[in-house]
Amino acid sequence: MAELCEVDEPFIYRLNDNGSGPSLLVKVCSERGWRIYQGYNGCVEERWNLWWRTSAFPAASYKTLGDWQFMNHIPKGGSICRKDSLSRLLRCMRRIYGSIYEFSPPCFHLPLEYAKLVAECSRLRHEQDGAVWIHKPVAQSQGRGIFLFRSICEMRCGSAAVVQRYIERPLLIAGYKFDLRLYVCVPGYRPLTAYMYAEGLARFGTDKYTLSDIHNPYRHLTNSSLNKTGPRYAECKDRIGSGCKWTLKQVRRALVGRWEATEWLVWQRIRALVTLTLLAQATGTPPARNCFEFYGFDVLLDDALKPWLLEVNLSPALAADCEADVTVKRPMLHELFDLLGLPMRHTGLSLLQGPPATHINSASSDSCDSTVRTVQRPRTSVPSAGRQRPLRRRRAMPIHCVTLQAPSLDKDTESNDKGKYANSGSPSSTSTSSGSPEESDCQSTPSLATPSTEDESWRGGHATAASRRRMINACSWGNGVRWERAPARVGQWVRIYPHTLPDNEIQIEEVRESVANVSKFVRAAREVARENARDARAPRDSTRDADFEATLRKKLAYGPNFEVWLPPV
């Protein structure tokens with residue numbers, strides 16, 4: 001061990017392309033004993049461990065990623081972070097899966113759907129007393145370019161934007177509007193593994209809410225970067241205090257006495273909302289090793305305590321502007337690095353080296369990743385008359401796009417297979433009951449003489465052997481973390497999906513199966529809240545939350561590796 005410490009090197013973190021980054025992130029990295037990257041000023045230093053970047057990485061960065069290097073973005077993981085792309089994805093999922101995706105207000109994309117917006121405004125003007133709409137530019141943040149309007153004549157249309165129905169009856173605390181900033185970490189999309197931090201922030205407007213003045217942004221917008229410039233930011237406001245932020249713990253204490261068991265249910269609905277949003281882009285996101293996403297979800301509660309998704313932030317702010325920021329973000333970052341298996345002290349490159357893994361370009365785009373390599377046959381000595389024909393490559397399509405039938409078998413093979421699967425009941429049970437995933441991949445290779453039911457190359461998507469190998473490779477990080485055995489909780493990071501883990505195998509399921517699991521979870525949570533709402537005399541404390549969790553686990557038949565996500569009380 002002494003010899004190992006002598007050659008040990010410090011953990012090196014890298015910020016953006018110029019070394020600048022959030023002060024709180026720099027402070028947390030320093031507290032962990034990490035050293036900042038020194039290759040910004042022309043110095044040649046290729047060795048770094050963590051690269052934290054505000055924007056997305058170039059595609060070439062993922063191809064050169066080593067076992068001991070980590071990046072804070074997944075290829076194509078930012079689709080839900082553009083307002084127009086998020087709206088399209090949720091609209092598509094709503095058409096397929098129905099009302100479970102009705103957690104986003106109706107949205108129109110400008111300028112493409114301007115005529116539809118005019119028709120809808122005209123219809124609502126006759127049916128209602130002037131509905132309120134909100135205009136949001138698709139490529140801006142921190143509240144820039146956002147305004148409210150009632151008539152289409154008041155709208156100022158410039159760059160690409162989305163227009164949504166404004167939620168006119170939000171939940172208020174002491175007359176002030178607020179939304180919730182929730183922090184989500186996704187170590188991988190295929191299969192989806194997602195964690196949400198139990199603590200978070202509530203961001204308030206600094207003027208009291210009213211619809212009689214829709215042009216005052218401090219009444220209707222909750223962006224802290226905007227409200228910091230408001231005239232009443234530093235005042236001690238009724239119940240809110242000075243500033244414009246609370247922790248989720250303070251919000252929960254304000255809701256418990258009024259809403260009883262419904263307050264517990266709303267947090268489970270928020271959990272389902274976040275999971276369903278991630279599933280909307282899971283199919284188009286390739287497997288990526290040593291990469292993770294850190295999102296900031298903005299959720300609004302209306303006066304009926306229904307959660308609404310406002311937007312998703314690719315790189316949520318990590319500034320420490322007030323006491324609530326330090327209380328929430330500092331331990332969150334420490335526990336985030338603990339969750340990802342990054343060292344606390346100078347464990348460096350020598351101890352961070354994980355077991356050797358088979359390198360597959362799993363972090364490139366789908367057009368590159370889903371390509372099946374063809375084996376080039378030896379050429380004969382016959383000269384070709386013209387130009388040589390290029391090798392054809394077959395693309396493995398996503399499973400939801402393929403509706404082919406299984407290859408038919410001849411009678412002799414069918415009779416043999418009946419006896420082979422007499423005890424198991426189905427051919428699929430034999431492949432899943434085999435040893436390691438690598439062994440199942442080898443067994444799924446068909447022979448040229450006799451077709452086999454274990455050949456899954458016809459299915460496409462997750463079922464191909466190459467796709468499975470990419471997912472297995474992405475689940476095994478270079479530091480030894482195995483996400484197919486993801487812990488249910490690390491600190492206050494709670495695994496929100498998958499709800500439970502199978503034994504010694506990677507859980508590979510289609511998106512429709514995942515949506516069905518989330519729908520089942522929401523129904524069970526409603527039943528638990530309905531049953532416990534009858535006992536209004538019982539106090540709402542940590543003991544009651546434990547009873548709710550035990551009842552929910554029993555209804556879903558989940559084991560001890562299932563955790564209920566709840567803010568602290």
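This passage describes the overall make-up of a predicted model, then its central helix pair and nonpolar cores, and finally a few local backbone features.

The predicted model holds 18 helices and 19 strands. Of its 569 residues, 50% are buried. Among the contacts with a separation of 6 or more, 70% link residues that lie 24 or more positions apart.

A good place to start is helix α9, which runs from residue 261 to residue 280. Its 20 residues reach 29 Å from the first C-alpha to the last, close to the expected 28 Å. Since 18 of these 20 residues are buried, α9 is largely enclosed by the rest of the structure.

One partner of α9 is helix α17, made up of residues 511-532. The two axes come within 9 Å and cross at roughly 175°. Angles over 145 degrees count as roughly antiparallel, and α9 and α17 are therefore roughly antiparallel to each other. On the α9 side, the contact is made by Ala261, Trp264, Leu265, Gln268, Arg269, Arg271, Ala272, Thr275, Leu276 and Leu279. Helix α17 contributes Val511, Ser514, Val515, Val518, Phe521, Val522, Ala525, Arg526, Val528, Ala529 and Asn532. By character, the residues of this contact divide into 14 nonpolar, four polar and three charged. As helpful background, an α-helix has 3.6 residues a turn, so residues three or four places apart point the same way.

We turn next to the nonpolar cores. The largest has 81 residues, and those with the most contacts inside it are Leu180, Trp264, Leu278, Tyr295, Phe297, Leu552 and Trp565. Helix α9 supplies the largest share of this core, with 13 residues. Apart from this core lies another, of 34 residues, with Leu24, Leu25, Tyr197 and Trp483 among them. In soluble globular proteins, nonpolar side chains tend to be buried together. Leu278 gives a closer view of the surroundings: leaving aside residues up to four places away in sequence, Leu278 touches Ile80, Val184, Val186, Tyr189, Leu192, Ala194, Tyr295 and Phe297.

Burial is also found in loops. Ser104 sits in the loop between α4 (83-97) and β5 (107-110), and with a relative accessibility of 13% it counts as buried. Beyond residues up to four places away in sequence, Ser104 is in contact with Leu90, Arg94, Gln164, Trp308 and Leu309.

Several backbone features deserve a look as well. Most residues other than glycine have a negative phi, and most peptide bonds are trans. Against that background, a cis peptide bond joins Leu110 and Pro111, with omega at about 5°. Pro111 belongs to the loop between β5 and α5 (114-127). A cis bond also runs from Tyr497 to Pro498, where omega is near -5°. Pro498 is placed in the loop between β19 (493-497) and α17, the helix that packs against α9 with axes within 9 Å.

Positive phi values complete the picture. Arg239 has a phi of about 65° although it is not a glycine, and Leu305 likewise has a positive phi of about 65° without being a glycine. Arg239 lies in the loop between α7 (224-227) and β13 (245-247), while Leu305 lies in the loop between β14 (293-301) and β15 (307-313). Their settings contrast: Arg239 is exposed, with a relative accessible area of 53%, whereas Leu305, at 2% relative accessibility, counts as buried.

How values were computed
Residues numbered from 1 in each chain as written. Predicted model: local features only at pLDDT ≥ 70, side-chain atom pairs only at ≥ 80, totals over all residues. Heavy atoms only, no water. Helix = DSSP H or I, 4+ residues; strand = E, 2+ residues; numbered from the N terminus. Expected span 1.5 Å × (residues − 1). Buried < 20%, exposed > 50% of the residue type's maximum accessible area, 1.4 Å probe, protein only. Contact = heavy atoms within 4.5 Å. Core = buried A, V, L, I, M, F, W, Y, C linked by side-chain atoms within 4.5 Å. Axes fitted to C-alpha atoms, helices over the stretch in contact; angles between N-to-C directions. Parallel < 35°, antiparallel > 145°, perpendicular 65-115°, else oblique. Nonpolar A, V, L, I, M, F, W, Y, C, P; charged D, E, K, R; others polar.
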